[in-house]
Amino acid sequence: MMGNALLVDDARFDHHAPLGHHPERPERLTAARAGLQGASATFQRIAPRPATDEELARVHDPRFVASLAKLRGESGYLDPDTYVSAESVDVARLAAGSLVAMVDALLDGPTQRGIALLRPPGHHARPARAMGFCLLNNIAIAAAHARARGLGRVAIVDWDVHHGNGTQEMFWREPGVLYVSTHQFPFYPGTGDVEEVGEGPGKGYTVNVPLIAGGGDDVYAGAFERIVLPVVEAYAPELVLVSAGFDAAARDPLAQMQVSSGAFGWMARGLARIADATAKGRMALVLEGGYDLVALEGGVRAAVDGMVAGKADEMVQPALDDEGVERAARVAQKAWAGVG
Ligand SMILES: [Zn+2]
């Protein structure tokens with residue numbers, strides 16, 4: 001079965017480029033685009049446009065946005081991991097704004113699915129600081145836009161191997177955005193333990209599933225079947241956004257998880273079923289990390305097949321003895337008992 005999906009992609013995203021060697025490089029999008037080529041979907045392009053100050057200000061400090069603007073034309077490092085090149089600031093605004101345009105298109109219909117091949121990535125970007133290869137938090141800007149358009153419940157599922165500390169921070173006290181993350185732990189950036197559940201009205205709407213290094217498809221199957229899918233389903237989101245990193249793949253050079261490319265297919269398919277049930281089918285995959293080009297290509301193809309065509313390998317038998325999954329299940333159950 002072929003299905004339709006909206007696509008955000010632009011040649012200008014390649015203009016964010018490191019001076020020397022860096023894992024977050026333009027070749028990543030070449031690999032992701034190759035993944036789309038073999039996928040069971042036809043794509044309809046969203047016209048790219050930069051994010052407005054108002055859209056950014058929903059999650060970022062305007063003083064931070066102004067300080068980024070001063071870096072236009074400059075190149076160098078903002079921290080040991082995070083670089084800017086001459087066009088990076090404009091590219092980051094273009095990436096974020098184009099994802100906002102995709103959210104508008106999903107809300108206005110009729111196409112229900114989308115994939116955004118964005119660079120630079122976003123989920124480590126904090127309200128007032130660039131971090132971890134990320135300048136602006138694309139998915140958070142998009143979720144905040146969906147809320148501003150009137151949606152009551154937006155789910156962000158973050159299967160990137162790193163914890164999305166920036167996204168968590170932005171919606172820490174916000175029940176209108178559910179943030180659920182699976183990630184290697186302990187690992188960069190250090191956050192994402194099970195006890196981090198949000199605060200105030202947001203308590204229970206941050207759900208972290210820290211996973212011990214070395215876990216493979218069976219551990220992710222356990223995490224998805226026992227926590228991620230039941231929690232997202234109970235939340236009944238009106239839009240499902242995925243921080244789709246592909247760095248949990250076995251081949252990835254930056255992390256130590258052992259996930260197969262096919263696993264991203266059943267992760268996406270499980271979430272798409274929930275989107276069909278509660279969100280009028282509205283779901284988007286938003287590229288975050290993924291630094292092995294072969295794994296990235298295969299992961300993108302599998303995830304699009306799972307999301308758009310419902311096509312995926314069977315989920316493997318879940319492992320029931322991963323300590324991170326067990327602890328997260330206990331905490332999530334407790335937090336959600338109080339949420340109701
Ligand atoms: Zn990552």
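This report walks through the zinc site, one helix, a cavity and some salt bridges.

One thing up front: this is a predicted model.

**The zinc site**

Let's start with the metal. The zinc ion takes its protein donors from three residues named here: Asp160, which appears twice with OD atoms, His162 through ND1, and Asp247 through OD. These donors lie 2.0 to 2.7 Å from the zinc ion. The geometry is irregular, with angles running from 53 to 154° among the four donor atoms. Along the chain, the donors follow the spacing D-x1-H-x84-D. His162 is in the loop between strand 6 (154–158) and helix 6 (165–170), while Asp247 is in the loop between strand 9 (239–244) and helix 8 (263–278), so this pair ties together parts that are 85 residues apart in sequence. Are His162 and its partner buried or exposed? His162 is buried, at 8% relative accessible area, and Asp247 is buried too, at 0%.

**Helix 5 and what follows**

Helix 5 covers residues 138–148 and is mostly covered, with nine of its 11 residues buried. The buried set runs through Asn138, Ile139, Ala140, Ile141, Ala142, Ala143, Ala144, His145 and Ala146. After helix 5 comes Gly150, which has a positive phi, near 110°.

**The cavity**

How many cavities of 30 Å³ or more does the structure hold? There is one. The largest cavity has about 40 Å³ of space in it. Its lining is made up of Val194, Val197, Thr206, Val207, Asn208, Ala328, Val331, Ala332 and Ala335. Strand 8 (206–211) and helix 10 (323–339) each bring at least two residues to that lining, and helix 10 has the largest share, with four. As for chemistry, the lining residues split into seven nonpolar, two polar and no charged.

**Salt bridges**

The structure holds 21 salt bridges. Here are three of them, with the distance between N and O atoms.

| Basic residue | Acidic residue | N to O distance |
|---|---|---|
| Arg93 | Asp53 | 2.6 Å |
| Arg149 | Asp104 | 2.7 Å |
| Arg113 | Asp276 | 3.0 Å |

Take Arg93 and Asp53, whose closest N and O atoms are 2.6 Å apart. This pair links distant parts of the chain, with Arg93 in helix 4 (residues 88–108) and Asp53 in helix 2 (residues 53–57), 40 residues apart. Asp53 counts as exposed, at 52% relative accessibility.

Next up is the salt bridge between the side chains of Arg149 and Asp104. Here, too, distant parts of the chain are linked: Arg149 is in the loop between helix 5 and strand 6, and Asp104 is in helix 4, 45 residues apart. Arg149 is partly exposed, with a relative accessible area of 38%, whereas Asp104 is buried at 19%. The cut-off matters for Asp104, because buried means under 20% relative accessible area.

Then there is the bridge between Arg113 and Asp276. Arg113 lies in strand 5 (residues 113–116) and Asp276 in helix 8, so the pair ties together parts that are 163 residues apart in sequence. Arg113 is buried, with a relative accessible area of 9%, while Asp276 counts as partly exposed at 44%.

Finally, a network of salt bridges links Asp9, Asp14 and Arg33.

Methods:
Residues numbered from 1 in each chain as written. Predicted model: local features only at pLDDT ≥ 70, side-chain atom pairs only at ≥ 80, totals over all residues. Heavy atoms only, no water. Donors = N, O, S within 2.8 Å, 3.2 Å for Na, K, Ca; no water. Tetrahedral: all angles 85-135°; square planar, octahedral: opposite > 155°, others 65-115°. Buried < 20%, exposed > 50% of the residue type's maximum accessible area, 1.4 Å probe, protein only. 1 Å grid on protein atoms, 1.4 Å probe; cavity = no way out; pocket = protein on both sides within 12 Å on 5 of 7 lines; lining within 4 Å. Points joined across faces, edges and corners; volume = space filled by probe spheres on them. Nonpolar A, V, L, I, M, F, W, Y, C, P; charged D, E, K, R; others polar. Salt bridge = Lys/Arg side-chain N within 4 Å of Asp/Glu carboxyl O.
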